[in-house]
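Student: I am new to this structure and should like to understand the terms used to describe it. May we go through them one at a time?

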Amino acid sequence: MVRVIHSYSGFLILLFLSSFSWAALPISESINQWLDTEFVNSTLTREQQEKELLWFHRVSEPLRGMSIRVVSERIDTHWYEANVLTKAFEDITGIQVIHEITGEDDVIKKISTQMALGYNLYDAYINDSDLIGTHFRSDNIMAISDLMAQHGKDFTLPTLDLDDFIGLAFTTGPNGKIYQLPDQQFANLYWYRHDWFSREDFQEQFKSRYGYDLAVPQNWAAYEDIAEFFTMHVKEIDGVKVYGHMDYGKNDPSLGWRFSDAWLSMAGAGDKGLPNGLPVDEWGIRVENCSPVGASVSRGGALNSPAAKFALTKYIEWLDKYAPPDARNMNFSESGAVAAQGAIAQQIFWYTAFTADFIDPTLPVTDEQGRPKWRMAPSPRGPYWESGMKSGYQDNGAWTFLTSTPVDRQQAAWLYAQFVVSKTVSLQKMIKGLTPIRQSDIESDYMSKAAPNYGGLIEFYRSSARLSWTPTGTNVPDYPSMSKLWWQNIASAVSGKMTAEQAMDNLAEEMDSELKRLMNNAADNCQPKLNDVSPESTWLEKPGSPKPKLENEKPKGETLPYVEALQRWEIN
């Protein structure tokens, strides 16, 4: 491969690049190079992989030479796409992809800007399905269903196999249309030091003090007891100060995710029903006939209900008492690797996206064979939680296309999106980032053999429990404008400027105001229709959410051995 760097007296001076491109090879050789060196692991046979990649080469012919731009958040999976898969895609299709990596909040800002201005900033976004409520209400989004039926029809991979995607329900609107194509998924689970919990001396001390076994907590009361035990009573292990809890509290947009990512549902603030609780979801928003009617208790919502206020109170209490002192000055990204450093006993709010970073054999949380000393398990549930409710949060980053993107650029970006989720690529991508999207990859022989290295990740995704861990649903009509209200109010409570009660009351009032604004400005597509204000007692006395304050918000702690806790993943 050569590049022109200077022209002199009619002669071109050429620089031969040191990095060799397989695009210079015949396409069959280029494909074989990638299959031999990068895409060795796949649920397809070698012949099937070759056919799939040859399809990408053939169908991309009219788009060859284009350069497109896409953007995604900053996790291992997307770094792999940006650093490796773009090169493979260009070699096979001749389409250059500039895959930009940035913060999740910035991705939301960028897609919101393009939706508002109608100007093509990026040709596709890997955008959380948390925006599904925004997307299906908007004319700015090109639904995947429409793309596949219209100008993307001839560019749709015959082996795409939509039924194989485990998160497709999360990206489908109430109208049955698929709005986004899943690219990666990760859940918010409980994480703990299995080796510490297995020590006989700790088990004896804990049972003597608290009256039940040191094991995987099933409720928040047990989690709190274990946090107190390691922080206040164990104190040090091998000369290192240890803590019974890890979290983050920095005044930052990620503080909002800490709560909107189902913390209230984990406490039990919402209603029964999957994926998001009906009629009240994990944001505390009540819906009637798909229209949001209020977030405050006075309008039938649960955002400032006793359960919600309890959830915020416990978050602050645990952060102050049982987490490292610098945790309150960390954001999501900064706090993510702390537990891997070896001084944290457990973490109630741990994203499985960090799994890849926790299996490095040089870390103090892995043993001599490189196996994890830690495990992930079902999240403990708050005192307001009832069987049949959502159990936690699952992130689903998915390919999203806007109507403002020119057709040919949509087609090229659609090819790239399908390439990075194709069966030729997806298993290897799962190995790199551990954010599965395909059932076939999860059930693969490779993952059966590798499961012990991942501390429970494969067991979770092979269980039916993953259906109880869900993203933000369709009740939230404008995620960009409403999500920012969370962190602004939560930060006031963390800093002490407001009490937990005041912060949730203020948040509920601001959420209702935003729903009212949307009610006046939205098209008639499940638009908000606010309930009139009523005395809170009117709603608290009715069955379901919002729920009245419990007399005892800390019942006796309950724990289960790890194996039995895993079995809980099979039942809700």
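Tutor: Let us begin with a patch on the surface: Leu117, Tyr119 and Leu121 make a nonpolar surface patch of about 340 Å². The model is predicted, so local features need pLDDT of at least 70 and side-chain atom pairs count only at pLDDT 80 or more, whereas totals for chains, interfaces and linings use all residues. Residues are numbered from 1 along each chain as its sequence is written, and side-chain values use heavy atoms, with hydrogens and water left out.

Student: What makes a nonpolar surface patch?

Tutor: Patches are made of residues with over 30% relative accessible area and no salt bridge; nonpolar side chains (Val, Leu, Ile, Met, Phe, Trp, Tyr) are joined within 5 Å, and like charges within 9 Å. A salt bridge is a side-chain nitrogen of Lys or Arg within 4 Å of a carboxyl oxygen of Asp or Glu. Accessible areas come from the Shrake-Rupley method with a 1.4 Å probe, and for residues only the protein chains shown count as cover.

Student: Why does Leu121 count as partly exposed?

Tutor: Buried means under 20% relative accessible area, exposed means over 50%, and partly exposed lies in between (1.4 Å probe, protein chains only). Leu121 has 32% relative accessibility, so it counts as partly exposed. Leu121 lies in the loop between helix 4 (104-117) and strand 5 (124-128); helices (H or I, at least four residues) and strands (E, at least two) are DSSP runs, numbered from the N terminus.

Student: How do you know that the protein chain is as compact as a globular protein of that length?

Tutor: The chain has 22 helices and 16 strands. Its radius of gyration is 25 Å, close to the 25 Å that the globule rule gives for 572 residues, so the chain is as compact as a globular protein of that length. The radius is taken over C-alpha atoms, and the rule is 2.2 Å times the number of residues to the power 0.38. Buried residues make up 60% of the 572 residues.

Student: Why is helix 14 called largely enclosed by the rest of the structure?

Tutor: Twelve of its 15 residues are buried, so helix 14 is largely enclosed by the rest of the structure. Among them are Trp414, Tyr416 and Phe419. Helix 14 (residues 407-421) reaches 21 Å from its first C-alpha to its last, close to the 21 Å expected at 1.5 Å a residue; the expected span is 1.5 Å times one less than the number of residues.

Student: What makes the peptide bond from Leu278 to Pro279 noteworthy, and what is its omega?

Tutor: That bond is cis, with omega near 0 degrees, and Pro279 lies in the loop between helix 11 (263-267) and strand 11 (286-288). The bond from Ser545 to Pro546 is also cis, with omega near 5 degrees. Most residues other than glycine have a negative phi, and most peptide bonds are trans.

Student: Which sign has the phi of Asp161?

Tutor: The phi of Asp161 is positive, near 55 degrees, in a residue other than glycine. Asp161 is partly exposed, with a relative accessible area of 33%. Cys290 is not a glycine either, and has a positive phi of about 75 degrees.

Student: How do you know which residues Glu228 is in contact with?

Tutor: Contact means heavy atoms within 4.5 Å. Leaving aside its neighbours within four places in sequence, Glu228 is in contact with Tyr210, His233 and Tyr322. Glu228 lies in helix 9 (residues 220-234) and is partly exposed, with a relative accessible area of 26%.
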